[in-house]
Amino acid sequence: MSVPLFDLAPGLTVSRLCLGTMTFGEQNTLPQSFHLLDEAFNAGINFFDSAEMYPIPQRAETQGRSEEYFGRWIRQRKIPRDRVVLATKVAGPSGQMTWIRGGPECLDARNIKKAIDCSLQRMRMDYIDLYQIHWPDRYVPMFGETEYDPTGQFCSICIEEQLDALGRAVDAGKVRYIGLSNETPYGIMKFVQSAEKVSHYPRIISIQNSYNLLCRTFNSGMAECCHHERISLLAYSPLAMGILSGKYFSHDGSPADARLNLFKGRYLEGESRYNLSKKIIKDATLEYLGIARKYGLHPVSLAIAFVLRHPLVASAVFGATKSWQLKEVLNSCKVELTSEMIAEINEVHARFPNPCP
């Protein structure tokens, strides 16, 4: 099976499916992680996403393992570095992960430089293909929040300092391209405008935000910015943390090792957005599962195919803890949704708009 490719930037061609590694080192052991990476790579996936804070749920004891496992896979399998595209991220201000640079406290130049150097050291690599700011160094509604509260703003590092630090990493050959994640239209445009003013500031090429059947908020403002500024969407959570696979609605009960069950109460960022106790999420999901059943499609194929048909999506960033889950996602590349399917999907969306923002 061959996964389609997308030219994300000059000299940077990525597979339209990107394997996320945030389960590596927590749900997946090193041998299991290697097996998934082998299968993905052999199927044509060359794009892999990580972050300095992974795996999830975040713990001091496991922080950095996802990057470490990926680097060990590259070395042990003797894969030429230019055969894979690695994306990873620097954690924004949190205060909850004191084991990562004391919080992390902020995204000043020192923190960005240290984060890049530590990621490279963990992976034992010379460079990162795509380096992303995991979330903004300023107050924004995130992870299920929808309304902006002006009183929530805190003292933050200016975008110019962040771009200058990233530009120095690019000039030093440590990073090839930069991107953002969990950003807003305002943030995108500020990064674009700041890069236009100073010649050595790098230009962002991608935004990694959530996009799926249960969350189309990207289309409200963000899509216009990305279209005009030639910024591609790396759509994370295309299965809405597995909800759209239907596994949480099976007749024999949802699997105990599914993330929302296994880590219940320990993964607040995910649970706040993908809260199965909300009737609207259940009702909307059951409607989409019904559409898949009507047309003889696997629910995973319907969900992934929907994401990949968006004209601004470069790649869908998905996770898998088992081989059969990876195969389900790979099979979605064969699926093309008809106009009738899209009409039915849009009708459900009109009745249940963005239950997982």
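Glutamate 39 and lysine 327 form a salt bridge in this predicted model, and their closest N and O atoms sit 3.3 Å apart. Glutamate 39 belongs to helix α1 (residues 30-42) and lysine 327 to helix α11, so this pair ties together parts of the chain that are 288 residues apart in sequence. As for how much of the lysine shows, lysine 327 has a relative accessible area of 42%, which makes it partly exposed.

How many salt bridges does the count come to? It comes to 20 salt bridges, and a few of them deserve a closer look. Glutamate 67 and arginine 122 meet through their side chains in one, at 2.8 Å from N to O. That pair also links distant parts of the chain, with glutamate 67 in helix α2 (residues 65-76) and arginine 122 in helix α3 (residues 109-123), 55 residues apart. Is glutamate 67 buried or exposed? Glutamate 67 is buried, with a relative accessible area of 0%, while arginine 122 counts as partly exposed at 21%. The cut-off for buried is under 20% relative accessible area, so arginine 122 at 21% does not make it into that class.

Then there is lysine 279 with aspartate 283, whose side chains meet in a salt bridge at 2.5 Å, N to O. Both residues lie in helix α9, four residues apart, or about one turn of the helix. Lysine 279 is exposed, with a relative accessible area of 62%, and aspartate 283 counts as partly exposed at 22%. Elsewhere, salt bridges with shared partners join Glu26, Arg59 and Glu61 into one network.

Here are the three pairs side by side.

| Salt bridge | N to O distance |
|---|---|
| Glutamate 39 and lysine 327 | 3.3 Å |
| Glutamate 67 and arginine 122 | 2.8 Å |
| Lysine 279 and aspartate 283 | 2.5 Å |

On to the rings. The count comes to seven aromatic pairs. One of them is tyrosine 139 with tyrosine 148, a tilted pair at 5.1 Å centre to centre with 45° between the planes. Tyrosine 139 counts as buried, at 14% relative accessibility. Tyrosine 211 and phenylalanine 218 make an edge-to-face pair, at 6.3 Å centre to centre and 70° between the planes. Edge-to-face needs planes over 60 degrees apart, so the 70° of this pair puts it in that class. Tyrosine 211 counts as buried at 3% relative accessibility, and phenylalanine 218 is buried with a relative accessible area of 3%.

Which residues form one aromatic cluster? They are Phe41, Phe48, Phe70 and Trp73. There is a charge over a ring to note as well: arginine 81 lies over the face of tyrosine 127, at 4.2 Å from the ring centre.

Tyrosine 127 turns up again among the contacts of lysine 174. Lysine 174 lies in the loop between α4 (159-171) and β7 (175-181), and at 23% relative accessibility lysine 174 counts as partly exposed. Once neighbours within four places in sequence are set aside, lysine 174 is in contact with Lys113, Ile116, Asp117, Leu120, Asp126, Tyr127, Ile128 and Ala169. Take aspartate 126 from that list: it is 48 residues from lysine 174 in sequence, yet the two are 6.3 Å apart in space, C-alpha to C-alpha.

Now for a helix that is mostly covered. Helix α10 (residues 299-308) has ten of its ten residues buried. They are Pro299, Val300, Ser301, Leu302, Ala303, Ile304, Ala305, Phe306, Val307 and Leu308. What covers the buried residues of α10? The cover includes the strands β3 (17-20), β9 (232-236) and β10 (313-318), along with the helices α9 (279-294), α11 (323-331) and α12 (339-351). Two of these helices came up earlier: α9 holds lysine 279 and aspartate 283, and α11 holds lysine 327.

Zooming out, the chain has twelve helices and ten strands. With 357 residues, a compact globule would have a radius of gyration near 21 Å, and the 19 Å of this chain agrees with that. The C-alpha trace spans about 55 × 50 × 40 Å along its principal axes. Of the 357 residues, 58% count as buried. Among contacts between residues at least 6 apart in sequence, 77% join residues at least 24 apart. As for the surface, the chain exposes about 15200 Å², and carbon and sulfur atoms supply 52% of it.

Terms used. Residues are numbered from 1 along each chain as its sequence is written. This is a predicted model: local features need pLDDT of at least 70, side-chain atom pairs count only at pLDDT 80 or more; totals for chains, interfaces and linings use all residues. Side-chain values use heavy atoms; hydrogens and water are left out. Buried means under 20% relative accessible area, exposed over 50%, partly exposed in between (1.4 Å probe, protein chains only). Helices (H or I, at least four residues) and strands (E, at least two) are DSSP runs, numbered from the N terminus. Contact means heavy atoms within 4.5 Å. A salt bridge is a side-chain nitrogen of Lys or Arg within 4 Å of a carboxyl oxygen of Asp or Glu. Rings of Phe, Tyr and Trp (its six-membered ring) pair if their centres lie within 6.5 Å; planes under 30 degrees apart count as stacked, over 60 as edge-to-face and the rest as tilted. A charge sits over a ring if NZ of Lys or CZ of Arg is within 6 Å of the ring centre and within 35 degrees of the ring normal. The radius of gyration is taken over C-alpha atoms; the globule rule is 2.2 Å times the number of residues to the power 0.38. Accessible areas come from the Shrake-Rupley method with a 1.4 Å probe; for residues, only the protein chains shown count as cover.
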